[in-house]
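User: I should like a close look at one part of this model, namely its nonpolar interior. Please describe how that part is built and what lies beyond it.

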Amino acid sequence: MNTLGVRPALDQKRSDWRQWLSRGLIFTDFLVLVWVVFGVQIAWFGFDSANVAFQGALDDLAVSYTVVSVVLIVAWMFILNVYDTRNARIIGAGPTEYRLIADGSLRLFGLVAIVSFLFQINLARGYILIALPLGVAVLAVSRWLWRQWLGVKRQTGEFSARVLLVGSARSIRHIRTELARHPEEGYHIVGECWAGSTQEPRDEPSVPVYLHLDSIERAMTETGADTLVITSGEELTPEAIRRLSWRLDGERHQLIVGASLTDVAGPRIHTRPVAGLPLIHVEVPRYDGPKHVGKRVFDFAGAALLLAILSPLLAVLAVAVKVTSRGPVIYRQERIGINGQSFMMYKFRSMRVNADAELATLLALQGRSNQPLFKVDNDPRVTSLGRFLRKHSLDEFPQLFNVLFGTMSLVGPRPQRTGEVALYDDAARRRLLVKPGMSGMWQVGGRSALPWEDALRLDLFYVENWSLIGDLIILWKTIRAVLAPGNQAR
């Protein structure tokens, strides 16, 4: 078979990181499972567990729980491998890795339960019921630590697939921009092949550029690319793509066909081969039904619980605002919520009295009057206490009452002023399809440092791909941002 040539030394070097990573995960998974399983055994039976046995239907069945623990560890390691949890393509990004760990573990313990029932083996229930969730939790923590380390390494292109982009100039530019936003996903661009181009690209990318499909073999060799990402272009016909795939070595190369679709989460995408065509089904988002009833129940219960827990802190903050500056404790302002309906939003006052009257002048001075995100750098209207409240988002706590009353959600796009909404285009108006939130994707993804375009992109991603699990992740990141706001918070 004629395959694309890659220098042997480079090829060996590129594949080594996948093997090294897989072996590292095997080692840490084994340590985690030994610690969990034997830890549960010792906690449940004590250190003299060597003499503890379980009895089955047969009189001669008497096996030490130490043997059971060893078998369980071996089986758990095997099931993690069967479910491909150490595949380099899924490690370090997205929820798939965690889901596979949980699915494999649940099926293993389901199999244990079935075997115990069929052979009437009396296993200690506590031993099993503690080992399963504890093992999954500690495995998840271990993989999260790996992710943090990988994220740092992948910022410089290490431990990443070396990607050659192939397609039209416009489509390559689009895919390049999106991949550059998320280096933690593990795709490092090392070259581009501009199919159909007869002249050099205008934006001068920082990687080597090749022209025409005939140069792909040379591009793969010179850049050491191990992954071919095909975008779109007139020359990239189905026949041309198929012939490219024939020339790749499955042991060393990956072929990825990128759809011209961005900001769509995995649960909305389903691939189905039909008549030899890999059709991608994309679910259209809905904004009603049981899923959103569940969100309302979650918001109400969460706001009520947080108000009960945080009531002493709210009282302290109210007194601090009152004694440090003249004016009311609570700042009330009209904002635009779901479906363009206005409501009154509550915050602890962080500015001097009549600060709203100065906004137009300050925006004009900084040239931001025509942007749908009214924010002022080094805002002189903010009080000394207000700067602290804003940095740690403590001024937002009264919005828990907005959540309780149903005008806001715990998570969603931030509610904006009437003047800001008046500047919306059609895309930005999609923010109004869901309830505004106390926190959202752009609050945990950059806060005040993000420009409007990036903030809008994150909000639209949330609107299109909302899920309860996603809300929980954002709330967890919000807690981290409040406790450690960093330099981006203002």
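Analyst: The account below begins with the core and then turns to a surface patch. This is a predicted model, in which local features need pLDDT of at least 70 and side-chain atom pairs count only at pLDDT 80 or more, whereas totals for chains, interfaces and linings use all residues. Residues are numbered from 1 along each chain as its sequence is written, and side-chain values use heavy atoms, with hydrogens and water left out.

A nonpolar core is a set of buried Ala, Val, Leu, Ile, Met, Phe, Trp, Tyr and Cys residues joined through side-chain atoms within 4.5 Å; buried means under 20% relative accessible area, exposed over 50%, and partly exposed in between (1.4 Å probe, protein chains only). The largest such core comprises 25 residues, and Leu33, Leu72, Trp76, Phe109, Leu123, Tyr127 and Leu139 have the most contacts inside it. Two or more residues come from each of α1 (8-45), α2 (65-82), α3 and α4, with α2 giving the most, 8 residues. Helices here are DSSP runs (H or I, at least four residues), numbered from the N terminus.

Leaving aside neighbours within four places in sequence, leucine 33 is in contact (heavy atoms within 4.5 Å) with Phe38, Ile73, Trp76, Met77, Leu80 and Leu139. A second, separate core has 23 residues, including Val329, Phe348, Met438 and Tyr462.

Phenylalanine 119 lies in the loop between α3 (96-118) and α4 (125-154). This residue is exposed, with a relative accessible area of 52%.
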